[in-house]
Each structure stands twice: as structure tokens, then as C-alpha cells.
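Here is a short report on one protein chain. Take a look at the sequence and the model, then read on.

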Amino acid sequence: GEAEMNNSGEAEDRKKLLDTIRGFRGRSLSVLNYILESQKGDPVASSKIQEGLGLTPSNLSHAGRILEETGLIVREREGYTPNLGFLLAAILEIVLDIDRRIKSIEEELRKK
């Protein structure tokens with residue numbers, strides 16, 4: 001039904017997210033990590049991220065846009081907030097995918 005369709009759309013988004021994360025360069029990942037570690041339920045100010053990571057405003061803006069388009073963070077006037085629900089769902093998807101792959105490899109090995 002409709003819930004399944006929505007779920008498959010979300011699964012598709014998470015699959016795209018996984019591909020995006022795999023393609024991350026160091027900067028986007030370091031910005032995401034910094035935001036995750038710095039937030040205490042409040043947005044993390046751009047100036048704090050720039051200072052903490054030694055980034056120029058344009059470097060941060062570029063990395064921030066990538067993370068925002070991926071759905072990993074939300075940009076607000078006060079700063080950046082991690083989209084924790086989306087991130088946790090993506091991590092769960094990744095863990096389950098790894099688990100399926102390992103089981104498949106184990107079965108292949110058992111056959112030999």
C-alpha cells in the first residue's frame with residue numbers, strides 16, 4: 001500500500017545517501033562530524049565550525065550545501081543542525097546491508 005511505497009522511497013533515499021557518503025571527500029565528512037559532536041540540541045554556528053576546522057566561509061558553505069542536499073543536516077539562521085533521524089535510519093540501513101553481504105559471503109564459503 002501507500003506506506004510500503006513511502007518506505008521504498010525512503011529506502012531509495014538512504015541508498016542514494018550511502019552512495020553519496022562513499023563519495024565524500026574529507027571536508028564534508030569532517031564538517032558533518034564536527035556538527036554532530038558540537039551540537040547539544042542547538043544549531044552549531046557557522047563561525048564555530050569555521051574556527052574549529054580552520055575553514056574559509058566558502059569552504060564551509062560548499063561542504064554545508066553537500067550535506068544539506070543529502071539530508072544529513074539542516075541549515076538554519078542560527079547555524080547547522082544534524083538531521084539525526086535520517087542519519088540513524090541511514091546507519092541502520094548500512095548495517096543491515098553489511099550484515100546481508102556477510103551472510104551471503106559466508107554461504108558462498110560454506111558451499112566450497
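## A nonpolar patch on the surface

L84, L88, I91 and V95 make a nonpolar patch on the surface of this predicted model. The patch covers about 350 Å².

Take L88 as one of its members. L88 sits in helix 5. Is L88 buried or exposed? Its relative accessible area is 57%. The cut-off for exposed is over 50%. L88 therefore counts as exposed.

## The nonpolar core

Now turn to the inside. The largest nonpolar core has 18 residues. Which of them touch the most other members? They are V31, I35, I49, L67 and L72.

Three elements give two or more residues each to this core: helix 2 (26-38), helix 4 (57-70) and helix 5 (84-111). Helix 2 provides the largest share, with four residues.

## Two residues and their contacts

I35 is one of the core residues that touch the most other members. What does I35 touch, leaving out residues up to four places away in sequence? The list is V44, I49, I73, Y80, T81 and P82. One of these, I49, is also among the core residues with the most contacts to other members.

S28 lies in helix 2. Its relative accessible area is 6%. Buried means under 20%, so S28 is buried. Leaving out residues up to four places away in sequence, S28 touches A63, I66 and L67. L67 has appeared before, as one of the core residues that touch the most other members.

## Salt bridges along helix 5

How many salt bridges does the structure hold? There are five. Three of the pairs are described here, one by one.

R101 and D97 form a salt bridge through their side chains, at 2.8 Å from N to O. Why are these two about one helical turn apart? They lie four residues apart in helix 5, so about one turn separates them. Their surroundings can be compared with the cut-offs. R101 has 49% relative accessibility and counts as partly exposed. D97 has 18% and counts as buried, because buried means under 20%.

K103 pairs with D99 in another salt bridge. Their closest N and O atoms are 2.8 Å apart. K103 and D99 are also four residues apart in helix 5, so about one helical turn lies between them. K103 is partly exposed at 44% relative accessibility. D99 is partly exposed too, with a relative accessible area of 35%.

## A third pair and a network

E108 forms a salt bridge with K111. Here the closest N and O atoms are 3.4 Å apart. The two residues are three places apart in helix 5, so the separation is again about one helical turn. Are E108 and K111 buried, partly exposed or exposed? E108 is partly exposed, with a relative accessible area of 42%. K111 reaches 65% relative accessibility and counts as exposed, because exposed means over 50%.

Some salt bridges share partners. Which residues do they join into one network? The members are D97, R100 and R101. Two of these names are familiar: R101 and D97 are the pair that meet at 2.8 Å.

Note on methods: Residues numbered from 1 in each chain as written. Predicted model: local features only at pLDDT ≥ 70, side-chain atom pairs only at ≥ 80, totals over all residues. Heavy atoms only, no water. Core = buried A, V, L, I, M, F, W, Y, C linked by side-chain atoms within 4.5 Å. Buried < 20%, exposed > 50% of the residue type's maximum accessible area, 1.4 Å probe, protein only. Contact = heavy atoms within 4.5 Å. Patch = residues over 30% accessible without salt bridge, like charges linked within 9 Å, V, L, I, M, F, W, Y side chains within 5 Å. Areas by Shrake-Rupley, 256 points an atom, 1.4 Å probe, with all protein chains shown as cover. Salt bridge = Lys/Arg side-chain N within 4 Å of Asp/Glu carboxyl O.
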